[in-house]
Amino acid sequence: MNGKSRRNEIWVICETKGGTLTDASCELLWKARELAGHAGAAVSALLMSGADTASAAFAAGADFVRAAPAASTVRTAYETARIVAAAAKETPPLAILLPATVYGRAAAPQVAALLGAGLTADCTGLAMEGDLLVQTRPAFGGNILAEIVGTGSLPQMATVRPKAMPAPVLDYSRTGSVKPLAVPKLDLPLRLLRRVCEAPAQTLTGAQLIVAGGLGAGGREGFAKLSELAGRLGCPLGASRAAVNAGLAPYAAQVGQTGVTVRPKLYLAFGISGAVQHLAGMGASDYIIAVNTDRRAPIFDHADYGVVADSIEVMDLLLKQLES
């Protein structure tokens, strides 16, 4: 590869919300630590709004923290891209990783364009082969998993889907050096007027229990019962892409390659066939219980427990049990 690396580092551009490091950033730091071990590299966490979350970054796996001066507002993706690109132009790192969140997806392509680097978006897996970053992501509508390797100049870049990587084992005894990250003079073509966050009462990301339905869940009647079941259990409702496309559930409920990636302790799948696109979003669940009338449905190959039965009948039995 061309260029020199900054002490052979892997950079993770971290995102903060409410003054804390996001789960997606912690997951990525933990994965970066594993990758760095294979490449003989170090992990640097880049913080855009001061060093207040440095201890969390070290706990999640960072060896170094580079922090931009605290700003009065959360830095925009435009600002982040130019801060990171300026630092990387000085001495490029081995790789730059960002969470595939709204913020990361906006900043990453700008960094790549400014550096003339390649970028693999929405990865579900990362590995190192020597100093090459092997990036895995669904391709061709999610029908295959493609392994992508960049052979151009440093840095190698990727965004990674939240919950696609294992949760970190935080170690707050870990420490490291905190260094300043220079902010270049920015001629901003935009201005953030206000930030509005409207979180739904139940979100799929981070849920420990999810009730989900597909086209085989019994249509609108089935999804009405699924919604009731999820409400009784106090968990969010998920859905396959086919069910969302059929208008049985909103897009916010879509689990899979084109929806949300989840990692609950228990995933209850009603009438879901188990297409590879859906499995890409929930296959890492601790336990999967599948209900389907088709005993040959692919979901049974991945389920811990399978029930060959009508989804509505099983829902009625569960609701009756919950009532008693």
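Which residue in β17 does Ala290 stand opposite? In this predicted model, Ala290 faces Gly306 of β17. Let's take a tour from there.

## Ground rules

Residues are numbered from 1 along each chain as its sequence is written, and side-chain values use heavy atoms, leaving out hydrogens and water. Because the model is predicted, local features need pLDDT of at least 70 and side-chain atom pairs count only at pLDDT 80 or more, while totals for chains, interfaces and linings use all residues.

Helices (H or I, at least four residues) and strands (E, at least two) are DSSP runs, numbered from the N terminus. Two strands pair if DSSP finds at least two bridges between them.

## The five-stranded sheet

The strand β16 (residues 287-292) is joined to β17 by four bridges, and the two run parallel. They belong to an open sheet of five strands, ordered β14-β13-β15-β16-β17 with parallel pairing. Its edge strands, each pairing on one side only, are β14 (237-239) and β17 (305-308). On average, neighbouring strands here are turned by 20 degrees against each other, direction ignored. For such angles, axes are lines fitted to C-alpha atoms (for helices over the stretch in contact), and values run from 0 to 180 degrees between N-to-C directions.

Two helices accompany this sheet. Helix α5 (residues 219-233) lies across β13 (209-213), β14 and β15 (266-270), at about 175 degrees to β13. Helix α8 (residues 311-323) packs on the sheet too, touching β15, β16 and β17 (contact means heavy atoms within 4.5 Å), and its direction makes about 130 degrees with that of β15.

## Ser311 in helix α8

Helix α8 contains Ser311. This serine is buried, with a relative accessible area of 3%; the term buried means under 20% relative accessible area, exposed over 50%, and partly exposed in between (1.4 Å probe, protein chains only).

The Ser311 side chain reaches the backbone nitrogen of Gly271 at 3.3 Å. Setting aside residues up to four places away in sequence, Ser311 touches Gly216, Ala217, Phe270, Gly271 and Val291.

## The seven-stranded sheet

A further open sheet has seven strands in the order β7-β11-β6-β1-β4-β5-β12, with parallel pairing. Here β7 (119-123) and β12 (177-180) are the edge strands, each pairing on one side only. The twist averages 20 degrees from one strand to the next.

At the β12 edge, four bridges pair β5 (residues 64-67) with β12 in the parallel sense, and Ala67 has Pro180 as its bridge partner in β12. Helix α3 (residues 77-90) lies across β1, β4 (42-47) and β6 (95-99), running at about 170 degrees to β1.

## Glu15 after β1

Glu15 sits in the loop between β1 (9-13) and β2 (16-17). It is buried yet has no salt bridge (a side-chain nitrogen of Lys or Arg within 4 Å of a carboxyl oxygen of Asp or Glu). The nearest side chain of opposite charge, Lys17, is 4.4 Å away; Lys and Arg count as positive and Asp and Glu as negative, with His and the chain ends not counted.

What does the side chain of Glu15 make a polar contact with? The partner is the side chain of Thr101, at 2.8 Å. A polar contact is a pair of N or O atoms within 3.5 Å; within protein, one must be able to donate a hydrogen and the other to accept it, and residues adjacent in sequence count only if both atoms are side-chain atoms.

## A hairpin

Strands β8 (residues 125-129) and β9 (residues 132-139) pair in the antiparallel sense over five bridges, with Met128 opposite Leu133 in β9. Two residues lie between the strands of this hairpin, and Gly130 takes a positive phi near 70 degrees.
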